[in-house]
Amino acid sequence: MSKKLIAGNWKMNGSLAANEALVRAMLAGIGQPLAEVALCAPAPYLAQLQALLLGSPIAWGSQDVSAHEQGAYTGEISVSMLKDFGCRYAIVGHSERRQYHGETDEIVATKAQRALSAGVTPIVCVGETLAEREANETESVVKRQLAAVIHTVGHCITEIVVAYEPVWAIGTGKTATPEMAQAVHAVLRAQLAAATTNPKRVHILYGGSMNAANAASLLAQPDIDGGLIGGASLKAADFLQIVAAAG
Ligand code: PEP
C-alpha cells in the first residue's frame, strides 16, 4: 500500500470567508505530510479551493458527480465540470445521498464509472445502518454495495477509493471500534481480491466520527488505509492531527 489518504468531507458547510480561514490554517500547519490529503467541498467553492490549493500538498474534490455526461439534468454537475476546476476526487454514494436522494447501488456505480472515465477518482462510500448491523447484515450490505461498482467498472476497480462508513457512526460521535472497522475492511479487501490481482492498490478508508483522539488506533489497523472525515475536517487543528496520525 502506498501512503494513507485522509480526505475531508465538508458536507453543506462553509462560506467564502470561513473556507479561506480554514484552508489557510491547514496550509500553515501541514508541512510535508506523509499521507495524501484532500478536501471535498460544496460545488460552488471548488474554484476557491483550486485557487487556494493549487501547488500545495492538499488535493480537492467534490461531494457528488452526475451519472450523466451532459445535457438536460437541471442542477447536476458533470465530471468534465469537476475537471475544469482541477478536482482529483469525487465522493459518490455517501449515505446522505443514498438516504435523502434515493441513490441506488446502480446509480452509485454509474457515478463511479462516470468519474473514472474522466480521470477523477471516485471515493465510493459503503456502509450499513444501525438496523442492518443489529440484524447481522453488515457484511451482506457492504458486499452488495461494492459488488455493484465492481460489476460496472470492471478492471478499473483498482482506480477507485472505497470508504467504509457505518451509517450509525456518521456525525453521531459513535465510532466503530478499530476491531469492528478492521473486520469490515477485511471483508471488502477480500472482495476486491476476488476482482483484481492487486487489491492492496485500492485505498479503503474508514469514515464515521473519526477524530484527533481516535484516528491513530483506527489507522493502525492493517486494512484501514486512511479516513473520510466529516465534522473534524471543519477544524484545522483536528484535521491536521488526523493527517499527522496517518504519517
Ligand atoms: C462523513 O460524512 O463522511 C463523515 C464521516 O462524517 P463524520 O466524520 O462527521 O462522522
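This report walks through the ligand site and the two largest pockets of a predicted model.

## Around the ligand

Let's start with the company the ligand keeps. Its shell has 14 residues, and the ones that come nearest are K11, E165, G171, S209 and G231. Sorted by class, the shell holds 8 polar, 4 nonpolar and 2 charged residues.

Now for the polar contacts. On the backbone side, a polar atom of S209 lies 2.7 Å from an oxygen atom of the ligand, and a polar backbone atom of G231 is 2.8 Å from a ligand oxygen. N9 joins in through its side chain, where an N or O atom is 3.4 Å from an oxygen atom of the ligand. As for how much of the ligand is covered, on its own it has 300 Å² of accessible area, and the protein covers 96% of that.

## The pocket that holds the ligand

Which pocket does the ligand sit in? It's the second largest one. That pocket has about 230 Å³ of space.

Its lining is made up of 18 residues, with S209, M210, G230, G231 and A232 lying nearest the centre. Two of those names should ring a bell: S209 and G231 are also among the residues that come nearest the ligand, and each offers a polar backbone atom to a ligand oxygen, at 2.7 Å for S209 and 2.8 Å for G231. By class, the lining of this second largest pocket counts 9 polar, 5 nonpolar and 4 charged residues.

## The largest pocket

Over to the largest pocket, which has about 600 Å³ of space. A set of 25 residues lines it, and A43, Q63, D64, R97 and H101 are the ones nearest its centre. Two elements, α4 (95-100) and α5 (105-117), are those that give two or more residues to this lining.

Which element gives the most to the lining? That would be α4, with 3 residues. As for the class make-up of the lining of the largest pocket, there are 10 nonpolar residues, 8 polar ones and 7 charged ones.

Note on methods: Residues are numbered from 1 along each chain as its sequence is written. This is a predicted model: local features need pLDDT of at least 70, side-chain atom pairs count only at pLDDT 80 or more; totals for chains, interfaces and linings use all residues. Side-chain values use heavy atoms; hydrogens and water are left out. A residue is near a molecule or strand if one of its heavy atoms lies within 4 Å of it. A polar contact is a pair of N or O atoms within 3.5 Å; within protein, one must be able to donate a hydrogen and the other to accept it, and residues adjacent in sequence count only if both atoms are side-chain atoms. Accessible areas come from the Shrake-Rupley method with a 1.4 Å probe; for residues, only the protein chains shown count as cover. On a 1 Å grid over the protein atoms alone, a cavity is a set of points where a 1.4 Å probe fits but cannot get out, and a pocket is an open set with protein on both sides within 12 Å along at least five of seven lines; lining residues have an atom within 4 Å of a point. A molecule sits in a cavity or pocket if more than half of its atoms lie within 2 Å of its grid points. Ala, Val, Leu, Ile, Met, Phe, Trp, Tyr, Cys and Pro count as nonpolar, Asp, Glu, Lys and Arg as charged, and the others, Gly among them, as polar. Grid points are joined across faces, edges and corners, and a volume is the space filled by probe spheres set on the points. Helices (H or I, at least four residues) and strands (E, at least two) are DSSP runs, numbered from the N terminus.
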